[in-house]
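User: I am new to this structure and would like to learn how to read a few of its features, step by step. Could you take me through them?

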Amino acid sequence: MIKIYFKTKDPNTNTNILRDEIVTILFKNDGDHFKPQDWNRIKEIAVGNPGDQKIGAFGVGFYSVFSVCDEPSVMSGGQGMKFVWENNQLTTEHGEIDKDGETVDEDQKWTTFTMHLRKPEKFPNVEEFTRFFSNSLGFTNNIKEIIVYFNDTQVIKLSRESQGQKSIDINSEFNTYSPNKTFKLKSLDIRDIRMNVERLLVQKENSEQQSLINDYQIEDTFIVLKIADGNLEITVDEEFSEEMKRITKKDLPKYTPIYLMFTEFDGDYNKNISSIFKNLLPYPKQGRLYIGFQTQQTIGCFSNLSAHVIPSVERESIDLVNKPLKEFNEGILYLAGVLCRILYENEMNKIKMDLNVENIEHLEKRAAHVLGHFTFNESTPKESVGIIIEKQFFDCLNQNLPILSTQGILPISDVRIPDPKTEAFIKKVPIVPKIILEHCEPFFKKAKDMRLIEVLSFQDVLRELRSRSLSEKTEIIALLKWWISHRSESNNTNSDEFTQFMQSAIVCIRDKPQALNTIQYAFGSREQNSLKINDKSLILPGIEIPIPDDVLPHNISENFENPEMEKYFQWDELPLIHWARFIVDLPELEINPTFAETVHITLAAGLQNLDISENDKNIIRGLFICKKCIPTTCGMKNPDDAYLQDVDASNLFSDLPKIQFQKFFDSKDLMLLLGVNKVIKVDRIIDYASSGVNYNHMQLAKYLSSKLNNFNKSEWDRLKDAKIWPKYNSNDQHFIARELFVPLDLYREFLLPTIEWTEKWDLNTGEAKFLINLGLQQYPTLSEILKLSAPPTEKEIRNKALKSFIDNFEKYSHEYDPATIAIEFLPCFKPDVYAKPSECFINFDCAKMGFNVIERVYKDQAEKLGVNQHPDNERLIKQLTENRPKSEVEAKDIFEYLETRQDTFTNSQLNLLSESEFIPIRNKEQNIIHKSPYNCFFKGQKEVFWRILFIYRLWEERQ
């Protein structure tokens, strides 16, 4: 135990203030009392302490008391020595101490140094002073407690206790020698050190609060450290030993200790510890070298090192200049590197034993803490100190440094620094865990420069890919992105590397593994979350569709641009026709309406947005036309048996199989391409109408008229020949349209077969026009209307029929030839006489010769009906010669009529008449006989001259 008293001029006052000036310092310890040689040696303060295992071994400790006082005194074991200056000469007075018995007994426990200060001093800063003592107490074995008083008030108390010392087996593979064999690490123990501290919490300087010492609060804290206690065996030759003795004034010991202070990982890098211990726990700053006290020399790593190295003159570092001292000190530093490596390996073995999945994060933090403590940086002020320790840290074992990887504890050479782009898919290749990499970045940067570890390479990726298949979407995407980055960053076009990658990368994208080189197409790319083919939007997001095995799914390809997939993977854009060939063979297409709908959504979007050739459209049509792939109201149907949703025929066919989709999309163009009917099929209509069911033929006509332009020639021909139209009053018999007439009342009176029609017939309606185009007769034929106009048809009907014929004559005029009409339909002047147009005439006078004359009411229409004014000359001559006048009266009428026609006769016709015997005369018996004009003479009577004008004319022509 050590006690230190700082005394003021008036130590007994009750108003002690910590800022009061100190005039005396007492230093007391309860160690061994001075022996005679100690009293003798203290006189020769320049000689120093010859004890090779004691602090202050090189003799400046006691000398330092003269820096604060002129005449210090020492009491130990009932004796005392006082240093006195006489005539500028330092002398000593040594003898027994004369005190009362009780005082002597108490004082004999202690060795006490009394220093009356040359000038009053202030009490040291409590925090800094406490930190100084904690540093000093850290590596000492013999001092257990230090108490500091201000007068009689305790200001600082530190205690130290060792716990759980354990020997470490040193693996025989370690090189435990220094390079020149001067030192050998013989043993190594590790023990816990608990350091307790009580101290006054003093206000900042110039604070007026709590100025009385008894008013200060007390901090009570502790820290637990680990001390690695190594024992170095020293083996030197006699020459080196003598040289060291000459320099150090003492013999070299056979053994010397070496200590390394560190903390065991507790999982909390930010643990709130008292600032008193910040030098004992330097992390994340470098540790220092201790030679009984802390020097300014750092050792490169984050632990404190204590050893009996020989310091430089200024006592702030170690001597690496003097050759023997350099060899001695460097030997200890080399063994410090061995000690660091043994401790590191020991910690890694502990981690290895505790390694399991449940506590991996904790162990990664622990491993990072360990590795961080033994990461070497440039030491100061002498850089070589850290270099030596670090070199032997790595060289003392013919094995690479083990580190914790994602695959457990492995040699660092077997582990890779991860590429962030590979994090999602590297699972088997051992890499540095993220926690360790982040906390130990300086170590791995240096290890990479030292070629102890490599960054994950292409070959490492191949090793990963060959060890397993990738099944998670995220890791497949990450792999593809890494490959793009790998090829683009170095502008790498190595074809062998491409082949290796595409063959080695096995991905499970359809619940079965396949190499990337089996993929030929990419389905869609990245553009506002839309699924794409050929760089254009295909279907709405959220719709998953099956794709061929040689196609990269959209949920992966949507993360890339098409140019990337083409350039780095040689994957073309998925052609719609290729996908269609695949999808059409899936059984679900014909049994699962939802699946079929998804397919149609995809096809419809493709046809709408992509530049699909007519040839490809025809191929797609051919693929699907024979498949029951259309969801309808009546189940799955072939396209040719299905109908568009807008087919308005519910009033005709209640069981019509219309397309039925759960989601709205523009399907019309696709459905028509595949062959879905936009109108009711003619065959269906005919079959339905022919089945005997009762149906509304007028609604059917209206529907068909609305689809007039949708029927091809074959369908039209079938409709024209279909017996689906009912006849008026036909007892449900059905006829071909051309067998029926429009439903006019007149036609019904004519007893023509008219179509059944309950509504008003309007030729301007669509259905009327449709039926007319289909063959429904708008007018009776010429033969029919003429027969209706002629007997034996009832007179009323005859008249109406003739009127209809005349009114609609233009409809018949193209085929009406009066010369060929064989039906006697024209009513003549004579009652109940009807004649052909060629056998009746307009001029009433021709009736004198027995010709039929058209009834006067039709006289105005006679010309267009082909009725002539007069019979032609040949017919007149024939009538005249074959039906000669039977009396003069008859002859007179005939000749008077013929006289009006005489200018139309030709000479040859006149000659023929002049020789024909048609002139009635009476013979002697007064009987009528007929003579030719040539053989007749005029009587000369004026009153009969006009009767024979015609005959005269004939005679005159004959002359």
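Analyst: What follows is a short tour of helices and backbone geometry in this model, which is predicted.

User: How is the packing of two helices described, and at what angle do the axes of H29 and H30 cross?

Analyst: In general, two packed helices are described by the angle between their axes and the distance between the axes. Here the axes of helix H29 (residues 873–882) and helix H30 (residues 888–901) come within 12 Å and cross at roughly 160°; since angles over 145 degrees count as roughly antiparallel, H29 and H30 are therefore roughly antiparallel to each other. The contact brings Asn873, Leu876 and Leu880 of H29 against Ile894, Phe895, Tyr897, Leu898 and Arg901 of H30, and these residues divide into six nonpolar, one polar and one charged.

User: Which elements do the buried residues of H7 pack against?

Analyst: The buried residues of H7, among them Val385, Ile389 and Phe393, pack against strands S13 and S14 and against helices H5 and H9.

User: Which peptide bonds are cis, and where does Arg451 lie?

Analyst: As a general guide, most residues other than glycine have a negative phi, and most peptide bonds are trans. In this model the bond from Thr380 to Pro381 is cis, with omega near 0°, and Pro381 sits in the loop between H6 and H7; the bond from Pro791 to Pro792 is also cis, with omega near 15°. Arg451, in the loop between H9 and strand S18, has a positive phi near 60°, and it counts as exposed because its relative accessibility is 76%.

Conventions
Residues are numbered from 1 along each chain as its sequence is written. This is a predicted model: local features need pLDDT of at least 70, side-chain atom pairs count only at pLDDT 80 or more; totals for chains, interfaces and linings use all residues. Side-chain values use heavy atoms; hydrogens and water are left out. Buried means under 20% relative accessible area, exposed over 50%, partly exposed in between (1.4 Å probe, protein chains only). Helices (H or I, at least four residues) and strands (E, at least two) are DSSP runs, numbered from the N terminus. Contact means heavy atoms within 4.5 Å. Axes are lines fitted to C-alpha atoms, for helices over the stretch in contact, and angles run from 0 to 180 degrees between N-to-C directions. Angles under 35 degrees count as roughly parallel, over 145 as roughly antiparallel, 65 to 115 as roughly perpendicular and the rest as oblique. Ala, Val, Leu, Ile, Met, Phe, Trp, Tyr, Cys and Pro count as nonpolar, Asp, Glu, Lys and Arg as charged, and the others, Gly among them, as polar.
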